[in-house]
Amino acid sequence: MGLRRGPLACLIIALTLCTALPLAAHAAWEPTKPIEFVIPAGTGGGADQMARLIAGIAEKHKLSPRPLIVVNKSGGAGAEGFLHVKGKKGDAHTIIITLSNLFTTPLHTGVPFNWKDLTPVARMALDQFILWVNGETPYKTAKEYLAAVKEKGGVMKMGGTGSAQEDQIITILLEQSQGVKFTYVPFKGGGEVCVNLVGKHVDSTVNNPIECASHWKAGRVRPLAVFDTARIPDADWKDIPTIKEAIGADINYLMLRGIFGAPDMPKEAVEWYQGFLKKVYDSAEFKEYLSRGALKPSWLTGPDYVKWVAGAEQLHKELMTKGGLLKK
């Protein structure tokens, strides 16, 4: 008697199954093995620091059932990393953090890669650029330093991350605006660039704030101007003038700190990563990092993120055309 069910009971069971199955399928995806988190740049730079922070926050707050394994692939101005991820079509366990070499490397080298090959996931922040000199030099303002650069006619060295990337773009814009000439010296990553400024192997850099922050606190380097339309609002940085305030030049440049997935990453996986990254973005540790490193909080996903990336690619085409950096 206990095993018999009437028509009404069967109907209720069927409706329950029909309702529950789609929900179970929707919530099904989550990482089942370690996530490869690729950095297309060297160690110690802005992208490297952010990627390792994200992995650390995920581990501390148990935000992912599997760990994030951070891997640097900086060869060919980041082409090594981008081509590695491009080759993992449909892989739900590979993501990459980007800097402006997402645009500059293919535009300058012709390497067979475009951001559209990847799956946009989320924009985490926009990074600033600052003109830095060694803390032991006599230059207290950008005007004083650039007067010395002009007087020495191409002898002064500007250190930067890679060739034909954002640091060299800003350097060329500065040269064209002020009628000066630098000897540009490329390095593998922003951390290495600032170390060479501290060691006086170069005369200046346009490092991201986070890359030189610890050396600044120790008095080893000095910030002269920020390449943005407004001063950085954070208390530690607010006294640094904009480049327009310092020398009257309209040179404004912000860099993407975003996350992309492998080509054709499944929709369910993209949604999981967006939810995971939003938890990281909202954490106290990430907010403190943004403030300490003077990055602009800039969370963005979906069609708005894609539209922003397309606009940034066009901007880089224009800037690199102006600087003579496009592949011929």
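The paragraphs below lead from the overall build of this predicted model to its charged side chains and three of the pairs they form.

It helps to begin with the chain as a whole, which has 328 residues, 51% of them counting as buried. Its secondary structure consists of 12 helices and 11 strands, and its C-alpha atoms fill a box of roughly 100 × 45 × 30 Å when the box is taken along the principal axes. If one looks at the contacts in the chain with a separation of 6 or more, 78% of them are accounted for by residues that stand 24 or more positions apart. The accessible surface comes to about 15,000 Å², and carbon and sulfur atoms hold 57% of that area.

From the surface we can turn to charge. The chain carries 39 positive and 32 negative side chains, and the centres of these two sets lie 2 Å apart. Side chains of opposite charge can pair when their charged atoms come close. In this structure there are 16 salt bridges, and three of them are followed here, each with its place in the chain.

Consider the salt bridge in which the side chains of Glu36 and Lys88 meet, with a distance of 2.8 Å from N to O. This pair links distant parts of the chain, since Glu36 belongs to strand β1 (residues 35-39) while Lys88 lies in the loop between α3 (79-86) and β3 (94-97), 52 residues apart. Their surroundings can be described by how much of each residue is accessible: Glu36 has a relative accessible area of 16% and is therefore buried, because the cut-off for buried is under 20%, whereas Lys88, at 24%, counts as partly exposed.

Another salt bridge joins Lys60 to Glu285, and here the closest N and O atoms are 2.7 Å apart. The two partners again come from distant parts of the chain, with Lys60 in helix α2 (residues 46-60) and Glu285 in helix α11 (residues 284-292), 225 residues apart. Lys60 has a relative accessible area of 57%, so this residue is exposed, the cut-off being over 50%.

The last pair to visit is Arg257 with Asp127, whose closest N and O atoms are 2.9 Å apart in a salt bridge. Here the link runs between two strands, for Arg257 is in strand β10 (residues 255-261) and Asp127 is in strand β4 (residues 119-127), 130 residues apart and in distant parts of the chain. Are these two charged residues buried or exposed? Both Arg257 and Asp127 are buried.

Note on methods: Residues numbered from 1 in each chain as written. Predicted model: local features only at pLDDT ≥ 70, side-chain atom pairs only at ≥ 80, totals over all residues. Heavy atoms only, no water. Salt bridge = Lys/Arg side-chain N within 4 Å of Asp/Glu carboxyl O. Helix = DSSP H or I, 4+ residues; strand = E, 2+ residues; numbered from the N terminus. Buried < 20%, exposed > 50% of the residue type's maximum accessible area, 1.4 Å probe, protein only. Contact = heavy atoms within 4.5 Å. Areas by Shrake-Rupley, 256 points an atom, 1.4 Å probe, with all protein chains shown as cover. Lys, Arg positive; Asp, Glu negative; His and termini not counted. Charge placed at Lys NZ, Arg CZ, Asp CG, Glu CD.
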